[in-house]
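Q: I would like a close look at one kind of side-chain contact. Please treat the charged pairs in a connected account.

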Amino acid sequence: MSTAKKEYKRVTVKSLIEMKNNKEKISMLTAYDYTMAKIVDQAGVDVILVGDSASNVMAGHETTLPITLDQMIYHASSVIRAIDRSLVIVDLPFGTYQGNSKNALDSAIRIMKESGGHAVKLEGGSEISESISRILTAGIPVMGHLGLTPQSIYKFGTYTVRAKEEAEAKKLKEDALLLEQLGCFAIVLEKVPAKLAKEVAESLTIPVIGIGAGGGVDGQVLVTHDMLGMTHEFSPRFLRRYLDLYTEMSNAFQQYIKDVKSKDFPNKDEQY
Ligand code: KIV
C-alpha cells in the first residue's frame, strides 16, 4: 500500500522539498545497472542513487576510492535508460572534485552530459564549498553528504559512527547549514547519532536523507544489494534486510547445477 501524500509522475529536486514540507518521507535506494534500476523505479522509489558504493558492490574493491569518472558514467547511463519516474543522483567519485573547483565543474558536466543523470552528490562540507558553488553556477543540482564520508576512510581509519563528540557534531551542524546556504537541494547524513540527525533535519529547509541516522530525518537511503541480503559480509545495526537473496540465489544455482549434471535440464519441452 502506498503512503505517498501526492502522486509524482516524475520526481524532481523540487518534489523532494515539497515532500519535506508535506511531511512525506523520501525513499532512496542505490542502483548501478539497467535491470536493477528498472525494478527499483517501477516499484516506485523516489530517488535512485548511482553511488560510488559501486566500487565495493559491483567491482569488489575494499573502498570507494578506486572507482573512476568513466566507470560512474557507465553505471549512471545504464540506470538512466531504465527509469521512468525516479530522480537519479550520481556520485562524483574520489579525486574528481576536491581541491579544484574547475575540475569539479568539468566532472559534474561530464556526468550530466554523458550519462543523463539529474543531479550529483559530493562528500564534505566547508572544505569543498568552492567546488559546490561552481557546479551550481552551471545549473547542476547538488546533493551534499556529511557524517561518515567513505571517500575519507583513510582519514577516519574506521567506518564507525561519526560526530559523537561535541566538536565534530558542531562542525557537522555548521557544514549542514553551509550546504543549504550554498544552494544544495538535499543532504545525505551517514552514520551519525539519531538525535543529532533529527536536530539537523529540523533546522534545515532542504531534505535530509539518512543512512544509519535514525527516523527523525526526512527520508532514508540503503544500498539495494545490502537490503536484499545479496551481501553477507556487512551487517551494520542500521541495515534492515528485506530478503535473504544470497541464500535464495545460491539455492537456485545449486539446483541448476544438479539439474544439468543429472540431465534433468533441459527436458523435452525446453528444447526445439
Ligand atoms: O555510495 C553510496 O551508496 C552512498 C550511500 C551509502 C548514501 O553514498
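Which residue forms a salt bridge with R110, and how far apart are the closest N and O atoms?

A: In this predicted model, the partner of R110 is D70, and the closest N and O atoms of the salt bridge are 2.6 Å apart. R110 belongs to helix α5 (residues 101-115) and D70 to helix α4 (residues 69-80), so the salt bridge ties together parts that are 40 residues apart in sequence. Both ends are partly exposed: R110 has a relative accessible area of 29%, and D70 has a relative accessibility of 49%. The value for D70 is 49%, and a residue counts as exposed only over 50%, so D70 remains in the partly exposed class. The pair also belongs to a network of salt bridges that links D70, R110 and E114.

The structure holds 13 salt bridges, and two others also link distant parts of the chain. K171 and E127 meet through their side chains at 2.7 Å, N to O. K171 lies in helix α8 (residues 166-182), whereas E127 sits in the loop between β4 (119-121) and α6 (129-137), 44 residues apart. K171 is partly exposed at 32% relative accessibility, while E127 counts as exposed at 53%.

Helix α8 also contains K173, whose partner E199 is in helix α9 (residues 194-203), 26 residues apart. The side chains of E199 and K173 form their salt bridge at 3.0 Å, N to O. E199 is partly exposed, with a relative accessible area of 36%, and K173 is partly exposed as well, at 31%.

Terms used
Residues are numbered from 1 along each chain as its sequence is written. This is a predicted model: local features need pLDDT of at least 70, side-chain atom pairs count only at pLDDT 80 or more; totals for chains, interfaces and linings use all residues. Side-chain values use heavy atoms; hydrogens and water are left out. A salt bridge is a side-chain nitrogen of Lys or Arg within 4 Å of a carboxyl oxygen of Asp or Glu. Helices (H or I, at least four residues) and strands (E, at least two) are DSSP runs, numbered from the N terminus. Buried means under 20% relative accessible area, exposed over 50%, partly exposed in between (1.4 Å probe, protein chains only).
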